[in-house]
Amino acid sequence: MNYKNIENTSQLANYLRCNISFLENAINKEYNIIDLKKEENRTSDYLLGDNDEIYVDKFYIKKKGKLGGFRGVHSISNFQLESTLKILNNYLSEIFLPQDCVHGFIKGRSTKTNAKPHLKKKILLSLDIKNYFESVSVKMISESLTTIGFHENIAKNIANLVTINGYLVQGFCTSPTIANIVTDKFDKEIIKLCGINVVYTRYADDLSISSDKEVPEISEIEDLMIKYGFELNEEKTNKVKRGHYQFVTGLTIFDDKTPRIPKKIKRNLKLEIYYISKLGYKKHAIRRVKNTQIEYSSSEFKNEVSEEILKTQHRLFGWIHYIMSIEPIFGKKMYDILIKCKKEYITPEMYLKHYNL
């Protein structure tokens with residue numbers, strides 16, 4: 001069925017391959033949010049999987065960077081809702097193609113493609129949309145979906161389906177795609193403002209504008225943000241001239257050929273991998289855990305060492321996988337060294353034998 005021909009909830013349910021009673025329930029009822037910081041919210045219905053209620057877990061991830069804090073992320077506990085949103089997201093990704101300047105959450109585009117247009121520019125202006133997903137309301141979604149061809153009532157139903165308390169949330173697979181759809185008019189206005197001599201790219205909430213001459217005034221961009229329902233994050237606004245540290249989505253753009261991983265990250269990764277290659281994961285993990293206030297001889301310390309080994313392996317291979325997509329030669333070199341290291345898993349029993357070494 002062509003999405004433009006969907007006129008009622010029954011047709012929408014067929015389109016999304018889900019049960020109509022479930023869909024009506026999901027559209028018309030608020031999701032039950034289980035805040036994992038508050039165990040009292042865990043009801044017996046949640047534990048038993050009550051079919052009449054749709055539960056969504058909310059957990060917290062520590063934010064990177066100097067500002068710190070925690071980011072609330074939602075995880076769907078209901079299989080049918082998760083499946084329905086995945087199908088919807090696949091359809092929306094086929095229906096809507098963002099502007100060329102948009103690089104976040106799009107197949108074939110990445111942080112590298114986002115940074116590449118800004119290579120060796122004399123001026124780089126970096127901006128950030130404050131609370132990006134949480135700024136996208138039901139009304140904004142409904143209007144945007146209507147613009148790309150959905151019937152108004154269907155657009156409203158989808159908007160209710162993909163939001164919590166009237167706004168997008170982090171953790172739903174549909175949030176990045178829908179945010180890009182909603183931000184399309186804003187992107188077009190920024191492109192118009194920049195003209196032919198200024199480069200503009202956006203990766204989710206990160207805006208990068210560069211030029212060999214001048215860039216638009218921050219106030220002009222802020223005015224456009226306000227016009228389309230967004231807010232400028234002043235703490236993440238930065239204007240940098242060539243010769244200073246210029247970063248776009250975490251990559252340096254001083255090179256005229258390709259974006260690169262910052263030297264500090266490569267240096268730290270190289271040192272850690274070298275240490276592990278010489279002394280092993282166990283001693284490396286023990287050294288890191290010893291910096292905590294946990295009693296050395298306690299079972300808690302032993303368990304911390306075991307967990308630290310696993311976290312270190314996952315973290316390093318995760319970094320190498322990412323670096324391979326940016327600087328494959330360096331990434332392959334680090335991978336070859338790390339893969340030769342024995343993947344040691346320390347148990348509490350092994351701890352007593354090794355922690356003093």
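Here is a working chat about a predicted model, covering its sheet, salt bridges, a buried leucine and a few surface details.

Colleague: Before I dig in, what kind of model is this?
Modeller: A predicted one.

Colleague: OK, sheet to begin with. What is the strand order in the open sheet of four strands?
Modeller: The order is β5-β6-β4-β7, and the pairing is antiparallel. The edge strands are β5 (198-203) and β7 (238-241), each of which pairs on one side only. On average, neighbouring strands are turned by 15° against each other, ignoring direction.

Colleague: How many bridges hold β4 and β6 in register?
Modeller: Six bridges, in the antiparallel sense, with β6 covering residues 206-211. Aspartate 128 stands opposite aspartate 206 of β6.

Colleague: Which helix packs on that sheet?
Modeller: Helix α10, residues 184-194. Helix α10 touches β5 and β6, and its direction makes about 160° with that of β5.

Colleague: Staying with α10, which residues of that helix meet in a salt bridge?
Modeller: Lysine 188 and aspartate 184, at 3.3 Å from N to O. They sit four residues apart in α10, about one turn of the helix.

Colleague: And is aspartate 184 buried or exposed?
Modeller: Aspartate 184 counts as buried because its relative accessibility is 9%, under the 20% cut-off. Lysine 188 is partly exposed, at 45%.

Colleague: How many salt bridges are there in the whole structure?
Modeller: Twelve turn up in the search. One of them joins aspartate 256 and lysine 120, with the closest N and O atoms 3.9 Å apart. That pair links distant parts of the chain, 136 residues apart: aspartate 256 is in the loop between β9 and α12, while lysine 120 is in the loop between α5 and β4.

Colleague: How accessible are those two partners, aspartate 256 and lysine 120?
Modeller: Both are partly exposed: aspartate 256 has 48% relative accessibility and lysine 120 has 39%.

Colleague: What about lysine 266, which residue does its side chain meet in a salt bridge?
Modeller: Glutamate 327, at 3.1 Å from N to O. This pair also links distant parts of the chain: lysine 266 is in helix α12 and glutamate 327 in the loop between α14 and α15, 61 residues apart. Lysine 266 counts as buried at 17%, and glutamate 327 does too at 8%. The two belong to a network of salt bridges with Asp255 and Arg260.

Colleague: Switching topic: where does leucine 338 lie?
Modeller: In helix α15, residues 328-339. Leucine 338 is buried, with a relative accessible area of 1%.

Colleague: Which residues does leucine 338 touch?
Modeller: Leaving out anything up to four places away in sequence, leucine 338 touches Ile273, Tyr281, Leu316, Phe317 and Ile320. From leucine 338 to phenylalanine 317 is 21 residues in sequence and 8.4 Å between C-alpha atoms.

Colleague: Now the surface. Which residues form the nonpolar patch there?
Modeller: Met324, Tyr335 and Ile339, with about 230 Å² of accessible area together. Methionine 324 sits in helix α14 and is partly exposed at 32%.

Colleague: Last one, backbone. What is phi at asparagine 131?
Modeller: About 45°, a positive value although asparagine 131 is not a glycine. Most residues other than glycine have a negative phi. Asparagine 131 lies in the loop between β4 and α6 and is partly exposed at 46%. Asparagine 165 also has a positive phi, near 55°. Asparagine 165 is in the loop between α8 and α9 and counts as exposed at 58%.

How values were computed. Residues are numbered from 1 along each chain as its sequence is written. This is a predicted model: local features need pLDDT of at least 70, side-chain atom pairs count only at pLDDT 80 or more; totals for chains, interfaces and linings use all residues. Side-chain values use heavy atoms; hydrogens and water are left out. Patches are made of residues with over 30% relative accessible area and no salt bridge: like charges are joined within 9 Å, nonpolar side chains (Val, Leu, Ile, Met, Phe, Trp, Tyr) within 5 Å. Accessible areas come from the Shrake-Rupley method with a 1.4 Å probe; for residues, only the protein chains shown count as cover. A salt bridge is a side-chain nitrogen of Lys or Arg within 4 Å of a carboxyl oxygen of Asp or Glu. Helices (H or I, at least four residues) and strands (E, at least two) are DSSP runs, numbered from the N terminus. Buried means under 20% relative accessible area, exposed over 50%, partly exposed in between (1.4 Å probe, protein chains only). Two strands pair if DSSP finds at least two bridges between them. Axes are lines fitted to C-alpha atoms, for helices over the stretch in contact, and angles run from 0 to 180 degrees between N-to-C directions. Contact means heavy atoms within 4.5 Å.
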